[in-house]
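Here is a model to work through by question and answer. Please look at it before reading on.

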Amino acid sequence: MNTGLRITAFAAAAATTFGTAYGVGTGVGPVVADERPAGHGGHGAAREEEATGGGVSDGGHGAAAAAGGLQVSEDGYTLALETPRVAAGKRTELRFSIRDESGRKVTAFAREHGKELHFVVASRDLTVYRHLHPTRAADGTWSTSADLPAAGAYRAFADFKPAKEGAGALTLGADLAATGAYAPAPVPAPATTARVDGYDVTLTGGLRPGRSGELRLRVAKDGRPVTDLQPHLGAYGHLVALRSGDLAYLHVHPGGEPGDGSTEPGPEVSFTATAPSSGTYRLFLDFRHGDKVRTAAFTVEAGKPGTSAGPPAGRPETRVPGHRH
Ligand SMILES: [Cu+2]
């Protein structure tokens, strides 16, 4: 599995980038992970991917920058949304393509998490979230059906890696609008539990600005821990974090994967992520159980005094010795 090896190498480079992000500040500008030495991974992400060897890696998931999705065009690639306006409240087709520097539709993608491209749509107020897997026509046009229940402003993210020598993973973002009467909602208040379809998901840990933080999500159903989560795209859960205010897209690394010999199918799934800044973030966890994918959503504050995830009030954050590898 060549892909597995290549992505593993990239994951190591990406982890290095994350480790370095603290030192260089919290800029969201592109960092070319491929040019960094890949010899010393940050969060053990590379190790876990190596164990699975299945070409599944959050490390390759657009990890070239601390935050993605803020640009419609990056590294010569552009997200061209052919359906920038759709009707709210009914199932519609979303169509787009990834264009290269010369405007041609890209047709060669590397697989990540078993897919050539991951498409996430979130409302600007972070109350609606969809993680979709469009299909690609031979000419490079992607399409998927989606239903956006509320009118308003949305951001669409394409998370992919061109299958081109030296190309890094990218997350491009484009504005999308759902027409209809618009009633923007406030971002839900921070909470450590989320309820979806009879499942209770509890969050411990949190996001820290400029530093890697662990997020552990525990899934229970009817009060009982769920210990038979099903793999979904090569992991027991997929987590996307979006920053409130600009919907910066954070890259989250799984803390282990099915078949690596140590990762249990629940009740807990763990991730590491580095917030590019303090502020409010919304976390969306997709997990699969009973043959259905569900999404649990949480609002968390990064770096806010008084929260467990943030630095203690009035005291500068100190580095944990040995945290960086
Ligand atoms: Cu996906």
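The exchange below concerns a predicted model and takes up its metal site, its nonpolar cores and some backbone features.

Reader: Which residues coordinate the copper ion, and at what distances?

Author: The donors are nitrogen atoms of histidine side chains: ND1 of His118, and NE2 of both His131 and His133. In sequence these donor residues follow the spacing H-x12-H-x1-H. The residues asked for are therefore His118, His131 and His133, at 1.7 to 2.1 Å.

Reader: Is His131 buried or exposed?

Author: Buried requires a relative accessible area under 20%. His131 has 17%, so it falls in that class: buried.

Reader: What class of exposure does His133 have?

Author: The partly exposed class lies between the 20% limit for buried and the 50% limit for exposed. His133 has a relative accessibility of 24%, so its class is partly exposed.

Reader: How many residues are in the largest nonpolar core, and which strands each supply at least two of them?

Author: The largest nonpolar core has 28 residues, and those with the most contacts inside it are Leu207, Leu217, Leu283 and Phe287. The strands that each supply at least two residues of this core are S13 (193-196), S14 (199-205), S15 (212-221), S17 (238-243), S20 (268-274), S21 (279-289) and S22 (292-302).

Reader: How many residues does the second, separate core have?

Author: This second core includes Leu79, Leu81, Leu94 and Phe109. It is separate from the core described above, and its residue count is 27.

Reader: Which residues is Leu283 in contact with, leaving aside its neighbours within four places in sequence?

Author: Leu283 is one of the residues with the most contacts inside the largest core. With those neighbours left aside, its contacts are Leu203, Leu207, Leu215, Leu239, Val240, Ala241, Ala296, Ala297, Phe298 and Val300.

Reader: Where is Leu126, and is it buried or exposed?

Author: Leu126 has a positive phi of about 65° although it is not a glycine. Leu126 sits in the loop between strand S7 (117-123) and strand S8 (129-132). Its relative accessibility is 0%, and the limit for the class is under 20%, so Leu126 is buried.

Reader: Is Asp222 buried or exposed?

Author: Asp222 also has a positive phi, near 50°, and lies in the loop between S15 and strand S16 (224-225). Its relative accessible area is 54%, and exposed means over 50%, so Asp222 is exposed.

Reader: Which residues does a cis peptide bond join?

Author: Omega of this bond is about 5°. The proline, Pro267, lies in the loop between strand S19 (253-254) and S20. The residues joined are Gly266 and Pro267.

Terms used
Residues numbered from 1 in each chain as written. Predicted model: local features only at pLDDT ≥ 70, side-chain atom pairs only at ≥ 80, totals over all residues. Heavy atoms only, no water. Donors = N, O, S within 2.8 Å, 3.2 Å for Na, K, Ca; no water. Buried < 20%, exposed > 50% of the residue type's maximum accessible area, 1.4 Å probe, protein only. Core = buried A, V, L, I, M, F, W, Y, C linked by side-chain atoms within 4.5 Å. Helix = DSSP H or I, 4+ residues; strand = E, 2+ residues; numbered from the N terminus. Contact = heavy atoms within 4.5 Å.
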